[in-house]
Each structure stands twice: as C-alpha cells, then as structure tokens.
Number of protein chains: 2
Amino acid sequence: MQLDKLVNYHKAVGDPTRIRIISLLKKGPLHGQAIAYKLGLQPSTITHHISKLRDVGIIYQRRQGNIIYFYLDLERLEYSSKAILRIGDEGMKNQDNNLQNKDKLSIVKNFINSDGTLNIIPSQRKKKNVILAYLIRDLQHGKTYQEKELNEHIKKYHEDYATIRRELIMQHFMYRQNGEYELNPKEMWPVIF
Amino acid sequence: MQLDKLVNYHKAVGDPTRIRIISLLKKGPLHGQAIAYKLGLQPSTITHHISKLRDVGIIYQRRQGNIIYFYLDLERLEYSSKAILRIGDEGMKNQDNNLQNKDKLSIVKNFINSDGTLNIIPSQRKKKNVILAYLIRDLQHGKTYQEKELNEHIKKYHEDYATIRRELIMQHFMYRQNGEYELNPKEMWPVIF
DNA sequence: TATCTAATTAGATGTATATCGAATTAGAGG
DNA sequence: CCTCTAATTCGATATACATCTAATTAGATA
C-alpha cells in the first residue's frame, strides 16, 4: 500500500460525520435517507460522505427495489486501519528522497579522480551530500575522532579539509562535542552511501 | 467523548507529510532539522506537524544536548489505529441520537394521561418522536394498513389523527404507497420504543 | 410511456489547515 | 552573563473540504 492510499483512508475516516456513519453501519446496513435523518443532515451531505468512504473501499452498496442500502465492509476497514503499522516493511522505498544506487555511483564517478582524490566539492546540495557520504564511508560508528585525526582523513581526498569538515557537521553526517567528532546514526543522514 | 479522539487521530495521520514523518521515525529517532531536510520543508512546518502527532500521543521526544530527538510510539500507534474497529462494541453509546430508556419512559409519562390517551402532541422534536414511537408500538411490521384503519388506531390516543398520521410519515416511522400505510424498518426510525 | 422517490450532482459559502518567513523562546555551554 | 542553534510561535496566504439548497439523474413500477 502506498502513501496516497494511506492518506486517503485516514482522511476519509478523520471526520466526525463519517465516523458516525461507520458506527451506524456497523449495526447493519442502512439507506441514505435513514442515515440523513439519524444524523440530522441533508441527503446530499450523506452522498458526499458515503462516496468518500466508498472511494477508500470500506463501504459498498446494494440496491433493493427503489432503495440503496449501504454496508460497512469490516474486512477492508480492518485491513486499511492496520496498514499504517506495516509502513516501510515492504515497498514504499522510493518515498524518502534517497537516490537510486546507480545515480549515487555516477555522481561519485564524476567527482572522484582516477587516483581516488576529490576533484571539486559539488555545489548542488544533493550531489554534495552524496560525495560527503562517500568520503566518510569507512569511518566507524560509535568511535570519536579528534579534529586532527578527522582532518588527516579528509586530506586524503581534498586539501580543503576545513570546508568539508564543516559541511559534514552542517549536513548532519557528524556531530561535534568538545572538539571531538563522531558519526551521527545513519538515520540522520540526508543520504546513505 | 471517544468520537473526538478517533477523529483527531485519523486527522493527524491523514496528511502526506505526517505519514512520511511517521515512516522516517519508524526507522529510528530523528531531530527536527534532519526531518525538515529530508522532507524538503522548513523547520517551522515540522514543528507544526510534530505537534499534531504528539497531540494524539503517537510521538514523544527526548532532549540530547542541544538537540531534541523525536520518537515514534509504536504501541500507541497500534492502539489508536485499531480503535476504529472497536467502535460501538462498548461505551460510545450516547453518540447516536437514541435516548436512554428511562428518559423515554418519563416522556411518555408526561404526555400520556391516566386513561391512556395522548394529552398534547409534543412540539420538541425529540419528545415528539418518542411519543410517535409509543403510539405505533403495537403495529406490525410487514403489514399494510388502510388509511381509515390507521386513523382509527390513532384516534384511540388523540382526536387529531391527521396531524399525527402526517408526522408518522415525515419522521420516517411509516411509509405511504397508494393510499396504504406500512411501518418502515426500525433502522429507519429516529427513535425505537 | 409517465410518474414517483432515492440518490446524485452542481454551485455557493464558510471554516479548517498546510506552508512559509520572520520573530521569539529555550536550553546548552562557554 | 553571553552566545549559539534548535525549536517554537506568530501572522499571512492559499488550498481543501463540510455543508447547504436547488437541479438533475437513475431506477422501479404502474
């Protein structure tokens, strides 16, 4: 299930009138006029709400003679309500703004010379972040680095270690405490390499 | 009332930005600036969304030095998301507009004379409906009544049978077809006696 | 076909809210 | 006490939407 479906379901249920309709229909099917009366609203308003609930699949209808009865689909309701708990488990991989791996690799190829050093620091934010992630790819999580130590590491790639060190902090790849540097958890990074 | 809690939870989750925040936080805590960056939004916007999610209890926060980390409360999320499935099972009894039995009885006592006739037709809608439900309490579902027959039935309670007969239709207790009258299913009634 | 009623659509209106930029607050650390 | 930055608040704006009334459609039945 993707983002829009999740949003639409929760938007649909996130209205007092529609929750009252759900509550009524849980006791059994009803037709539009009956719902309108019970809630003190106009039939057209009920149509409006019913169509929202039907759009997200938790209500279906069946005609009996001149009257259309509306039914609550409890299975669909259960499925939809629990979908938010499964978010991120599977699929939904492209909805954060991480880049595809091949895009990252081509950025690295463009900015890293054949001898492994950094040509220029990218000015575009996205590309800059990919390069920063690349530069620190073999630093260790949980380990603290002295400023000198970190400078030496960066200098292997580029002479302007001060700019790069500052960028690593500003882009939340690293955290500075008492002059010591440490990697932030990857969850904080704008890009993971 | 329970209704508002349900509405607020679904309203809170029913927004693409907030679902993306939930998705991010499911992988681990993040601070405001990181979220803002990842979603391409301003920090003030994140504050806005975080506070909505916190209001419904699915996010909490912990300060670490200068930075506040936001955590997703998965237990609360699970509890809240499933609440809609329990609607009507217990509690939430006052949210449809049915009255308590004792209230109905006291209304009947006020308007029905000691000889069993109706004193005056209530003008308040709720009371009027209770009385109407009382008057037809021994008519049979599925049976059709001729107009004369229905008039006679009503006259046992009150002389102004025309007004009451008209009200029975207007309030959806009964249905008229070709001059014949029939009870509507109880699900249509505004009040059941 | 003509008629009846439930349901829907269309248009209008008022309220809610997502977002931003600017100003302010809160707390950590010198 | 002073400074710095993350977080929040405030005011403005633009969009979304719940509800109504009036008009129209859909379907059953005579």
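In the strand β3 of chain B, Phe70(B) is the bridge partner of Gln61(B), and in that strand Leu72(B) is likewise the bridge partner of Ile59(B). The model is a predicted one, in which local features require pLDDT of at least 70 and side-chain atom pairs count only at pLDDT 80 or more, while totals for chains, interfaces and linings use all residues. Residues are numbered from 1 along each chain as its sequence is written, and chains are lettered from A and ligands numbered from 1 in the order in which they are written.

The two bridges belong to the antiparallel pairing of β2(B) with β3 (residues 67-72) of chain B, which extends over six bridges; strands are taken as DSSP runs (E, at least two residues), as are helices (H or I, at least four), with numbering from the N terminus, and two strands are said to pair if DSSP finds at least two bridges between them. The hairpin formed by β2(B) and β3(B) has two residues between its strands, and Gly65(B) in this hairpin adopts a positive phi near 65°. Together with β1, these strands make an open, antiparallel sheet of three strands in chain B, in the order β1-β3-β2. The edge strands, each of which pairs on one side only, are β1 (30-31) and β2 (59-64) of chain B.

Residues of this sheet also appear among the contacts of Leu25(B), where a contact requires C-beta atoms, placed from the backbone, to lie within 7 Å. When neighbours within four places in sequence are left aside, Leu25(B) is in contact with Leu30(B), Ile59(B), Phe70(B), Tyr71(B) and Leu72(B). Leu25(A) and Leu25(B) have the most contacts inside the largest nonpolar core, which contains 42 residues; such a core is a set of buried Ala, Val, Leu, Ile, Met, Phe, Trp, Tyr and Cys residues joined through C-beta atoms within 7 Å. Burial here means that 20 or more other C-beta atoms lie within 10 Å of the residue's own, and buried residues account for 26% of the 193 residues in chain A. The secondary structure of chain A consists of nine helices and six strands.

Chain A is superposed on chain B by a rotation of 178° with 1.4 Å of shift along its axis, at an RMSD of 1.4 Å, the fit being by least squares on the C-alpha atoms of residues with pLDDT of at least 70 in both copies. This is the relation of a two-fold axis. The copies meet through the same surface, because 95% of the interface residues of chain A are also interface residues in chain B. The contact takes 39 residues from chain A and 38 residues from chain B. On the side of chain A that touches chain B, α1 (3-13), α2 (16-26), α3 (32-39) and α5 (74-83) of chain A each supply at least two residues, and the largest share, seven residues, comes from α2(A).

Near the DNA, a residue is counted if its C-beta atom, placed from the backbone, lies within 6 Å of the strand. DNA strand C is surrounded by 25 residues, of which His31(A), Gly32(A), Ser44(A), Ser44(B) and Thr45(B) are the closest; at least two residues each are supplied to this surface by α3, α4 and β3 of chain A and by α4 of chain B. Around DNA strand D there are 24 residues, of which Ser44(A), Thr45(A), His31(B), Gly32(B) and Ser44(B) come nearest. For the surface near DNA strand D, the elements supplying at least two residues each are α4 (43-55) of chain A and α3 (32-39), α4 (43-55) and β3 of chain B.

Terms used: Two residues are in contact if their C-beta atoms, placed from the backbone, lie within 7 Å. A residue is buried if 20 or more other C-beta atoms lie within 10 Å of its own, exposed if 12 or fewer, and partly exposed in between; C-beta atoms are placed from the backbone.
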